[in-house]
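Let's take a walk through this one together, starting with a bit of vocabulary and then moving from a whole chain down to single side chains.

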Amino acid sequence: MGWTAVAAALLWALEPVAAWALAHAVWTPDPAACAAAAPAGACWGFVAHAYPTILFGTLPPGAHGRAALGVALLFGLTGISMHPRAWRAALLLLWAGGAAALTVILGPYSTQVGGLLLTMCLTLVGCASGFLLAIPLVVGRMAANPLAHRACRLYVELVRGLPMVTVLFAASYVLPLLLPALAMTPLARVTLAVALFEAAYFSEVLRAGLQTIPRGQMEAAATLGLSYLQTLRVVSLPQAIRKMLPALVNNVIGALKATSLVVIVGLQDLNGALQLALGDAGWRPYALEGYLFLGLLYFMLCYPLSRYARWLERRFQGGPS
Amino acid sequence: MRHRLTRHGAARLLGGLVLVGALVLMVLGVREQLRIRRIASGFAFLSEPAGFTLSETLLPLDLKDSYAQALLAGLGNSMRVALAACVLATLLGLVVGLGRTAAAPAWRRACGAYVETIRNLPVVLQLMLWYALLIGAAPPLEAPRALGAGMYLSKGGLALPAPIGPAALALGGLGLAGMLLALAWLRRASAPRSTVALACVSAAVLAVLAWSVPGAYWSLPTPRGLSLAGGWVLSPEFLALALGLGMYGSSYIAEVIRAAVQAVPRGQWEACAALGLNRVACLRRVILPQAVRSALPPLTGQYLNLMKNSSLGVVVGYPDLVGVANTAMNQTGQAIECIAIIMVVFLGLNLLVARTMTRSERWAPGSAALP
């Protein structure tokens with residue numbers, strides 16, 4: 001009874017959608033055919049025509065191969081980092097090597113990175129820097145020193161109470177006033193904004209993890225003669241990070257989705273590149289098809305990560321997903 | 001012992017001095033930069049005429065009105081869309097969340113697919129999708145589609161009949177009675193029956209009065225020339241934002257409700273079965289009242305998120321607070337003051353919503369404190 005009802009409801013709701021998207025659709029990049037088929041049929045020809053722009057941004061066609069290689073390299077590195085067997089110090093060396101290889105692959109086009117590669121780099125670098133910033137934040141938050149405690153708590157509460165848009169605007173407009181000597185490029189400013197934003201969320205996750213560690217371990221470490229910072233480095237933080245990995249991965253998924261906001265400050269990530277492709281007046285009526293394609297891309301990036309988070313949860317805690 | 005205290009104390013003092021020193025240097029540096037770029041400082045610009053107006057506002061805004069008034073209008077827009085999104089997200093999230101706990105696996109999977117799809121797409125993308133859909137698929141302005149009950153849909157938005165005068169009063173009365181009823185339900189027996197009855201009767205009388213003479217008290221949208229005149233128009237930007245944020249929030253609220261329903265002990269379901277209650281009655285009378293209690297804190301978090309996400313109006317061209325502040329920033333160059341205003345407003349709203357929700361936890365069924 002359940003399946004038939006759901007199937008019937010889905011068929012009734014999706015039939016016009018399927019007719020628009022599949023039956024009457026145009027698959028060739030031909031503006032005339034698309035104009036003839038609209039509005040009864042989708043214009044997937046726009047996607048066929050514009051997918052290089054969406055995926056690679058403003059890179060010239062000769063450099064598309066380099067960008068594709070860079071994306072494949074990043075995917076490979078991320079895939080390797082996901083398995084618990086790979087979590088050792090050598091992984092950091094591997095990433096450093098990968099970053100160097102990426103700069104070599106991109107060569108003269110490193111300043112023109114856009115599209116999918118920009119989204120991935122922004123997410124990876126932003127989250128990595130945010131995580132590195134989160135560790136002193138959480139140490140300060142849990143310190144006995146009232147100044148450190150209050151300052152860190154103020155920072156975290158402030159950043160968590162603000163929308164990402166505000167943080168992006170602050171980074172784009174206020175940073176040049178605060179630190180004029182640095183003369184950061186827009187990309188660097190945005191990466192800093194993502195790092196500062198994610199640092200607050202990561203530090204809250206780490207704080208939750210640290211609070212679940214039994215007090216007896218801290219006392220045992222003190223008995224062994226370890227200082228507060230040494231205990232954190234050797235005993236508490238590794239356990240907290242391992243325990244909170246699913247929540248950290250969820251935050252990374254959130255960061256990946258938040259990078260779609262940088263279109264507001266003019267950067268050419270996936271979203272910005274689509275706006276670039278839509279700048280051509282001939283294809284502008286087919287914006288919906290472009291957004292659907294972008295949705296598919298983001299889904300293919302985020303869904304495996306969320307399954308991975310659930311796999312981690314099951315593996316380390318044995319709890320229900 | 002004394003040695004360590006002195007060392008600790010000295011370290012703390014040094015740390016404090018370094019922090020204060022860094023802050024002072026930063027403030028001095030910023031003032032120097034503002035002086036170099038000839039940007040004014042201070043909040044005096046708020047009383048100057050703004051020179052721009054918004055595409056939609058609750059109350060009319062003129063070109064000569066000050067920046068402060070423009071910002072207030074933006075805030076009103078933000079609140080309007082956040083409220084609509086919260087209501088939509090709660091209703092939809094309730095349905096989908098309960099579907100996730102349904103007995104039939106088909107409904108569970110279908111609702112699960114809904115939640116997974118929406119959670120794995122960026123909210124900006126969903127808003128742009130809705131906007132592209134509303135602009136692209138809606139009938140043109142010259143030929144709006146009548147949806148019945150005086151509503152029209154077109155590329156210019158959704159036109160609804162607007163109550164004026166006594167009809168507005170009646171609807172306000174109905175809304176007030178509805179809120180009183182909800183409060184009475186939440187506080188269970190402590191609201192006297194006479195108050196509730198009086199509220200309902202007065203609202204009903206007002207409603208009957210208003211509905212009896214429809215033409216005089218309602219502004220109905222009528223096709224006039226190339227567009228519609230009259231009525232209350234919800235612009236496509238507002239609709240895209242409300243629907244997009246509502247659906248986005250509903251997926252998260254569905255998960256919150258699912259967790260809350262699954263947190264109710266299994267024995268309650270078995271007791272229902274022993275009493276002969278079917279699934280719907282059991283949910284309504286036994287499970288949901290208990291689930292509401294544990295759902296309130298994460299629900300607060302989701303409402304705060306929705307409020308923060310209303311700042312994305314700038315992506316679809318809706319003049320919310322952040323969009324208006326951005327325009328003001330571009331015109332006056334006073335970025336720090338405008339961003340400070342946005343920060344203070346958002347943090348204040350955060351505090352207000354969180355405080356209200358914590359207070360309302362006291363009224364939730366099953367709480368120890370008496371209202």
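Before we look at anything, one cut-off: a residue is called buried when its relative accessible area is under 20%, exposed when it is over 50%, and partly exposed in between. Keep in mind, too, that this is a predicted model.

Start with chain A as a whole. It has 14 helices and zero strands, so if you read the elements from the N terminus on, you get α-α-α-α-α-α-α-α-α-α-α-α-α-α. The C-alpha trace of chain A spans about 80 × 65 × 35 Å along its principal axes. Of its 321 residues, 45% count as buried. Chain A exposes about 15,700 Å², and carbon and sulfur atoms supply 70% of that area. As for contacts, take those in chain A between residues at least 6 apart in sequence: 70% of them join residues at least 24 apart.

Now zoom in on helix α5 of chain A, residues 90-106. At 1.5 Å a residue, its 17 residues should span 24 Å, and the end C-alpha atoms are indeed 24 Å apart, which agrees. Which residues of α5(A) are buried? They are A:Leu91, A:Gly98, A:Leu102, A:Ile105 and A:Leu106. Look down the axis of α5(A) and these buried residues fall within an arc of 80 degrees, so they line one face of the helix. What covers them includes α4 (64-82) and α6 (115-141) of chain A. On the other side of α5(A), A:Leu92, A:Leu93 and A:Val104 are exposed. Right after the helix comes A:Gly107, with a positive phi near 55 degrees.

Nonpolar side chains also turn up on the surface elsewhere in chain A. A:Leu10, A:Leu14 and A:Val17 form a nonpolar patch there, with about 250 Å² of accessible area together. One of the three, A:Leu10, lies in helix α1 (residues 2-23) of chain A. With a relative accessible area of 45%, A:Leu10 is partly exposed.

On to the charges. Side chains of opposite charge can pair when their charged atoms come close. A search of the whole structure finds nine salt bridges over all chains, and three of them make a nice tour.

In chain B, the side chains of B:Arg35 and B:Glu32 meet at 2.8 Å, N to O. Both sit in helix α1 (residues 2-36) of chain B, three residues apart, about one turn of the helix. B:Arg35 counts as exposed at 58% relative accessibility, while B:Glu32, at 37%, is partly exposed.

A second bridge in chain B joins B:Glu255 and B:Arg100, again given as 2.8 Å, N to O. This pair links distant parts of the chain: B:Glu255 is in helix α8 (residues 236-263) and B:Arg100 is in helix α2 (residues 67-100), 155 residues apart. B:Glu255 counts as buried, at 16% relative accessibility.

Back in chain A, A:Glu204 and A:Arg207 form a salt bridge of 3.2 Å, N to O. They are three residues apart in helix α9 (residues 186-211) of chain A, so about one helical turn separates them. Is A:Glu204 buried or exposed? At 15% relative accessibility, A:Glu204 counts as buried, because the cut-off is under 20%.

Note on methods
Residues numbered from 1 in each chain as written. Chains lettered and ligands numbered in written order. Heavy atoms only, no water. Patch = residues over 30% accessible without salt bridge, like charges linked within 9 Å, V, L, I, M, F, W, Y side chains within 5 Å. Areas by Shrake-Rupley, 256 points an atom, 1.4 Å probe, with all protein chains shown as cover. Salt bridge = Lys/Arg side-chain N within 4 Å of Asp/Glu carboxyl O. Helix = DSSP H or I, 4+ residues; strand = E, 2+ residues; numbered from the N terminus. Buried < 20%, exposed > 50% of the residue type's maximum accessible area, 1.4 Å probe, protein only. Expected span 1.5 Å × (residues − 1). Arc of directions from axis to C-beta. Contact = heavy atoms within 4.5 Å.
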